[in-house]
Amino acid sequence: MSEKKNIAIIGAGIVGVSAAVWLQRDGHEVILIDKAGPGEGTSHGNGGVLASCSVVPVTVPGLLGKAPRMLFDRSQPLFMKWGYIPKLLPWLLRYLKHANADDVKHIAAALTPIVGDSLNDHQALAQGTGAEKWITPSDYLFLYEDRQHFEGDAFGWDIRRKNGFTWDELEGQAFHDYDPVFSKDISFAARLGDHGHIRDPGRYVKDLAAHVEANGGRIIQAAVDDVARENGKVTGVRAGGHTIACDTAIVTAGVWSGPLARKLGVAVPLESERGYHLELVEPSAMPKSPVMVASGKFVATPMEGRIRLAGIVEFGGLDAPPSRAPFELLRKNARSVFPGITWKDEVEWMGHRPAPVDSIPVIGEVPGAEGAYMGFGHHHIGLTGGPKTGRLLAQMIAGRTPNTDMTVYAPSRYKI
């Protein structure tokens, strides 16, 4: 075993908490530092699906042609805070450059090792922590109006096939026999096995963090503003006017990682992909499995006492309040997809997915800063890829060579 280290993890979402669990299992001392506390941000509000097959990025060929039309159609899942465009534009132009077939193939090949075995990764992470009760193995279905609608997505399905994913197809009555809660307007489903979902993502992450604390880890609620170094080596992290001593620091603060990364000499072009969810509390019926409704690009996931509808992409930065239109669209979609379901109450939420321009997370050691590591930028697949990312970071910190080629994720690609 490698020497025992004192490790500060900045950000206690799924990536940070996963790293903490694996590092503790290696015998290290860990401190989790988060401005809101464990599992409060995007790790609480995500769609809850362990979406291993979600290796196709948003930037598919044809996006440039479709996006302007989508922005002006209230029934489409793409929104923009127009006043934010001047700030967004440099990032957006770089992001859209990846909307071509070669880049999509490269991105999918990079994402598959991080998310492709998510159910097993979560089960290995949560084993013996008390959090495993929230993990439910399940199918994951992509729903289409008909076969022709499905065939319109052939490019994405071809990418999935090439990365090892298989599915079966349910058409017409066969789909409605599988799950009768859905509208008759949906007559085709692609069903992937070996997936899963988390029945309460926020409580799941909190339970993992409680396990870390019960095993001697410290949890500190504070905003970190810098990583202290001497002679190029990490000596601590600065939070709330104090320096918390450590010899290793990991930046896993999601979309808030950008400023800290820059102080470490890595300028990641990172933007908030604002995501929304609407929960239908105490519904009269539940879907059997989590689904992606292709027409509205949203996920519906059965959770503890509620159905969570999550999706929508909005660009508007970190500071603007939630918009009303995305919630109204999710509500409209809920009524059309689940025509026979009633519910007692609704919960609305908006959060921030960390979107790097190349859609590939930043994972690994920081060049020129011994003891500094990064693990962020998972776009909308942070829950899915969090356990594997945490495990890879733990392996790298221990000096073990991961069985995944880490160069594609290296922070050095954005070195200043």
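Two strands count as paired if DSSP finds at least two bridges between them. By that rule, strand S12 (residues 248-251) pairs with S19, since 3 bridges join the two, and they run parallel. This is a predicted model, so everything here is computed.

Take the S12 pairing a step further: Ala249 has Ala372 as its bridge partner in S19. Strand S18 (residues 362-365) is joined to S19 too, this time by 4 bridges, with the strands running antiparallel. Here Gly364 is matched with Met374 of S19. S18 and S19 make up a hairpin, with 6 residues between them. In that turn sits Gly368, whose phi is positive, at about 75°.

What about S19 itself? Strand S19 covers residues 372-376, and 5 of its 5 residues are buried. Both of its faces are covered. On one side are Ala372, Met374 and Phe376, and on the other are Tyr373 and Gly375.

Now for helix H1, which takes in residues 14-25. With 12 residues at 1.5 Å each, H1 should span 16 Å, and its end C-alpha atoms turn out to be 17 Å apart, so the expectation and the model agree. Helix H1 is mostly covered as well, with 11 of its 12 residues buried. Among them are Ile14, Val17, Val21, Trp22 and Leu23, along with Gly16 and Gln24. In general, an α-helix has 3.6 residues a turn, so residues three or four places apart point the same way. Just after H1 comes Gly27, which takes a positive phi of about 95°.

Terms used
Residues are numbered from 1 along each chain as its sequence is written. This is a predicted model: local features need pLDDT of at least 70, side-chain atom pairs count only at pLDDT 80 or more; totals for chains, interfaces and linings use all residues. Side-chain values use heavy atoms; hydrogens and water are left out. The expected span of a helix is 1.5 Å times one less than its number of residues. Buried means under 20% relative accessible area, exposed over 50%, partly exposed in between (1.4 Å probe, protein chains only).
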